[in-house]
Amino acid sequence: MSATPMHCMVFVLVAALSTVCGAALTVGFYNRTCPTAERIVRQAVANAFANNSGLAAGLIRMHFHDCFVRGCDASVLIDSTANNTAEKDSPANNPSLRGFEVINAAKAALEVQCPNTVSCADIIAFAARDSASLAGNISYQVPSGRRDGRISNVTEANINLPPPTFNANQLVASFAAKNLTAEEMVILSGAHSIGVAHCATFTNRLYNFSGTGRPDPTLSSSYAELLQCKCPSNSNQTDPTVVALDIITPIVLDNKYYVGLINNLGLLTSDHALVTNTSLAAIVNESVNNPSGWAAKFAQAMVKMGNIEVLEGTRGEIRRNCSVVNSATSSSLINTLLGYDLASS
């Protein structure tokens, strides 16, 4: 007798779950279950980068914004519903977060090649690594085996994502809450060597800083004049105008971001904050003087960030569509097989 659809579904789920029970993040996690996984993601990122190199910055930022809210569980990809506003619709993410279509393209290709196998969380981590390689020739291996979360809430994004107005102490505390050191915070801030910022995120420094009627005096005066030409004083969140975060090498992931900082070219309040504290400024100067050292530390910090509060083993799920949690029917079946409440993970 041929198997019924439910029998088939149970078989597939058991087979998939058997590969993750007791698992931990490890390099080459998909070598047996989906040997082409990382190559498929790399190709999707390369295709997107060839058309728009700015997507590299977007994908690195997506990894950061995912990991800082509920850990690296791809909750940043989940769409809002009538009953829930998700992370991606936080002002910190909408409309500035980019690269969703790249993740979706990689996931679609993976579902054809290896159905129900590669998590969206791992795709984000792979895509960030591939973006660093394409934009800055920075290479590192990504331990994988993450599982996808089922919860995404705008309030948690608002609380956990450090805004561009943070000062040095606030930045250090924000990263410490995720078990990242002050040095790792400065090193990861180097991702601002690529990418752009909307005018509304820095116009507070351009026109009436602290009620003085003048630009922030810690911002290069000529740079402030240039920015004023692009960004009017009434810029708001919906204004599409953007400015490169690093005017020295805006499309190359390198240490020139730090060169800009010591020359009063830090665009955001949180950028300039890195040179307002003696210990942080020392890390900035070291990054200026040792570009290869900064690149190596950046790779290490990205790997550490990718381990924040990950779901492993039988926790979470492997989403079939990265923007939607798996159906209640599928979740109920998994719960029955495993004997625990998946939705609470």
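**Disulfides and cavities, term by term**

The structure holds four disulfides. This is a predicted model, in which local features need pLDDT of at least 70 and side-chain atom pairs count only at pLDDT 80 or more, while totals for chains, interfaces and linings use all residues. Residues are numbered from 1 along each chain as its sequence is written, and side-chain values use heavy atoms, with hydrogens and water left out.

Q: Why is the link between Cys67 and Cys72 called a disulfide?
A: A disulfide is a pair of cysteine sulfur atoms within 2.5 Å. The S to S distance of Cys67 and Cys72 is 2.0 Å, so the pair meets that definition.

Q: What makes the disulfide of Cys67 and Cys72 right-handed or left-handed?
A: The torsion about its S-S bond is about 120°, so it is right-handed.

Q: How do you know whether Cys67 is buried or exposed?
A: Buried means under 20% relative accessible area, exposed over 50%, and partly exposed in between (1.4 Å probe, protein chains only). Cys67 has a relative accessible area of 0%, so Cys67 is buried. Cys72 is also at 0%, and therefore counts as buried.

Q: Which parts of the chain does the pair of Cys120 and Cys322 tie together?
A: The sulfur atoms of Cys120 and Cys322 are joined at 2.1 Å. Cys120 lies in helix 5 (residues 120-136) and Cys322 in the loop between helix 13 (291-305) and helix 14 (328-338), so the pair ties together parts that are 202 residues apart in sequence. Here helices (H or I, at least four residues) are DSSP runs, numbered from the N terminus. With a torsion of about -95°, this disulfide is left-handed.

Q: Why is there no bond from Cys229 to the closest cysteine sulfur?
A: That sulfur, in Cys231, is 9.9 Å from the sulfur of Cys229, too far for a bond. Cys229 has 70% relative accessibility and so counts as exposed, whereas Cys231 is buried at 0%. The partner of Cys231 is Cys199, with sulfur atoms 2.0 Å apart.

Q: What makes a space in this protein a cavity?
A: On a 1 Å grid over the protein atoms alone, a cavity is a set of points where a 1.4 Å probe fits but cannot get out; lining residues have an atom within 4 Å of a point. Grid points are joined across faces, edges and corners, and a volume is the space filled by probe spheres set on the points. The count comes to two cavities of 30 Å³ or more. The largest has a volume of about 50 Å³, and its lining includes His63, Tyr140 and Arg146. The second largest has a volume of about 40 Å³, with Asp246 and Lys256 among its lining residues.

Conventions:
On a 1 Å grid over the protein atoms alone, a cavity is a set of points where a 1.4 Å probe fits but cannot get out, and a pocket is an open set with protein on both sides within 12 Å along at least five of seven lines; lining residues have an atom within 4 Å of a point. Helices (H or I, at least four residues) and strands (E, at least two) are DSSP runs, numbered from the N terminus.
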